[in-house]
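Here's a structure to walk through together. Take a look at the fold first, and then we'll go through some of its parts.

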Protein chains: 2
Amino acid sequence: MISRFPGLFKFRGVASPRNHRSFHHHRHPPPPPAPATMSDLRPPEHQVAGHRASASKLGPVVDGSGLFYKPLQAGDRGEHELAFYEAFSAHAAVPPRIRDAFFPRFHGTRLLPTEARPGEPHPHLVLDDLLAGLEAPSVADIKIGAITWPPSSPEPYVAKCLAKDRGTTSVLLGFRVSGVRVVGPGGAVWRTERPEVKALDTAGVRRMLRRYVSSDSGEVVDCALAAAVYGGEGGVLSQLRELKAWFEEQTLFHFYSASILLGYDANAVSATGVGGGVRVKLVDFAHVAEGDGVIDHNFLGGLCSLIKFISEIVSETPDTPPLGP
Amino acid sequence: MISRFPGLFKFRGVASPRNHRSFHHHRHPPPPPAPATMSDLRPPEHQVAGHRASASKLGPVVDGSGLFYKPLQAGDRGEHELAFYEAFSAHAAVPPRIRDAFFPRFHGTRLLPTEARPGEPHPHLVLDDLLAGLEAPSVADIKIGAITWPPSSPEPYVAKCLAKDRGTTSVLLGFRVSGVRVVGPGGAVWRTERPEVKALDTAGVRRMLRRYVSSDSGEVVDCALAAAVYGGEGGVLSQLRELKAWFEEQTLFHFYSASILLGYDANAVSATGVGGGVRVKLVDFAHVAEGDGVIDHNFLGGLCSLIKFISEIVSETPDTPPLGP
């Protein structure tokens, strides 16, 4: 299997996984304890985009102890994502604050049984469960960048991605919403369906970003949580701006087709009007390319566009915290 | 002729040029005085990109009194660029400082004879000559954006642009250098040739941006003028950052396939090590689209990438002013 980005494997001190066909290499932090029993593994209930683990499909699982297991994707994507995590985890030029605040921590790989392929253990990336500790996680998955294909991609792949990017808001807005899950005050969950989310236009994206910070689980879009989740110190906007400052400087990686995952605890925010463990994380690195001394203008542009959308929602909503339930 | 962006003609108070087939409408600032004689018109000697006016081709001309006449392009491009200038000139939401600092002033249109089509006057946009007043203009034309086609473009046009964008540095860097002209101390002119400039890779772009601020007209790249031209108050970097701040906010226009034109007076900079009338201007608006409340993430991303390239050149060169000749 030939990686489209062989150079990605050349980062300091990290051998290519192609030289380690067993995924049980021990070059990483000590491997995490195995899940208590395999039966602890289950699809994350908060997943809003991507394949869901089932009898017919591989998908991520969590073990309830704070770890997230992502099956290595087919083709060279899985190897590529693994190579990224290895390089990124070890890269001396990545500020620790950026790594800790905005990326899932990488704990190596592990062979796990899967429901889809019984008796055939599959290699998984072991990562932090980004939503661990949130009682009632409201989640949004936003794919960043007008261009979702690494420039060195072969023509048919470019054409396929471009058709999808033009059919969604990616080209026009520099990002697209891939999925949203909102927990209402009574615990009722509202979530996007795949066809609906694919067809979103600019107005739909704006509505979805408002919907994400609305207190009602029905169709009422009141943006009652906008100030607490998007605004303020530690809010989404402040975190996105910190990320933006790094992207204006960093020339290590180009994050094609990666997503920003937003998360907050709907219970905590509704009760207190502040805090609520607001999280901003980057995920999905199967198409990361080396930066080669050039900034990731594509991710940065989309990030700036997302910041503008969110800042408009914050500025048009009052910043009085919502009352408790 | 159907514009691909009919909405562009709907800006406040500006009628569509399609309703004014004569280009002698008088809705603008008073028309400038006609050139003293038509024989005053000549191709600008400092032009570094685009078609050059000749017996076989339409191209821009200047009259030596500070005006630049750009022939309306064929198809709907010409109408489209005119519509942009009309809308932009009149738009209340464009900060006057941005309009004055970064755009050529628009003086309406004028029918002019051309060498290419004698006896058949052609409509021209009348604009400020952005290089007027520079004794020895060193010029760079840099096309901004990884995507050079408005998203609503038809498929064959997208495919054509994409092939070109992938064949140049546009996709990878978010910009490409379209042409450079440098005047050396003795007045010797160094300029790029079309095939050479089309084939530039990342290293070539970096070399070209260093070449642009080098004092020697030969192949020596000393970056002697980097501090004076790129750095300091009023330098290119400071102007680009001001432009960036506007692009982080403005949602009026999306500048597909537009260029940033850099200019400075090589004589003044070489003699004094400062000043030299450093200019940063946007040009080429045949593919501008309405912003519709969304920022131009594509232009902004490319602009940030260019800023990073130039800031690296400034920081790696000493800021002592060069000695006079």
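What percentage of the 325 residues in chain A is made up of buried residues? The answer is 58%. Keep in mind as we go that this is a predicted model.

Let's stay with chain A as a whole for a moment. Its secondary structure comes to 10 helices and 11 strands. If you look at contacts between residues at least 6 apart in sequence, 69% of them join residues at least 24 apart. As for the outside, chain A exposes about 13,200 Å², and 55% of that is supplied by carbon and sulfur atoms.

Now find the sheet in chain A that has 5 strands. This is an open sheet, and if you read across it, the order goes β7-β6-β5-β9-β10, with antiparallel pairing. At the edges you'll find β7 (189-191) and β10 (279-283) of chain A. Each of these has a single partner strand, so one side of each is left without a neighbour in the sheet. Neighbouring strands here are turned by 15° against each other on average, direction ignored.

Zoom in on one of those edges. Strand β9 of chain A, residues 259-265, runs antiparallel to β10(A), and 5 bridges join the two. To spot the pairing, look for A:L261, which stands opposite A:K281 in β10(A).

Next come the helices that go with these strands. α6(A) packs on the sheet, where it touches β5 (137-144), β6 (175-183) and β7 of chain A. The direction of α6(A) makes about 30° with that of β6(A). Then there's helix α8 of chain A, residues 236-247, which lies across β9 and β10 of chain A. Helix α8 runs at about 40° to β10(A).

Finally, a couple of loop residues have a backbone angle to look at. Follow chain A from α6 (202-211) towards α7 (226-229), and in the loop between them you'll meet A:C223. Phi of A:C223 is near 55°, a positive value in a residue other than glycine. Is A:C223 buried or exposed? With a relative accessible area of 3%, A:C223 counts as buried, because the cut-off for that is under 20%.

Over in chain B, the loop between β10 (279-283) and β11 (288-290) holds B:D284. This residue, again not a glycine, has a positive phi too, near 75°. B:D284 is partly exposed, with a relative accessible area of 28%.

Terms used: Residues are numbered from 1 along each chain as its sequence is written. Chains are lettered from A and ligands numbered from 1 in the order in which they are written. This is a predicted model: local features need pLDDT of at least 70, side-chain atom pairs count only at pLDDT 80 or more; totals for chains, interfaces and linings use all residues. Side-chain values use heavy atoms; hydrogens and water are left out. Helices (H or I, at least four residues) and strands (E, at least two) are DSSP runs, numbered from the N terminus. Buried means under 20% relative accessible area, exposed over 50%, partly exposed in between (1.4 Å probe, protein chains only). Contact means heavy atoms within 4.5 Å. Accessible areas come from the Shrake-Rupley method with a 1.4 Å probe; for residues, only the protein chains shown count as cover. Two strands pair if DSSP finds at least two bridges between them. Axes are lines fitted to C-alpha atoms, for helices over the stretch in contact, and angles run from 0 to 180 degrees between N-to-C directions.
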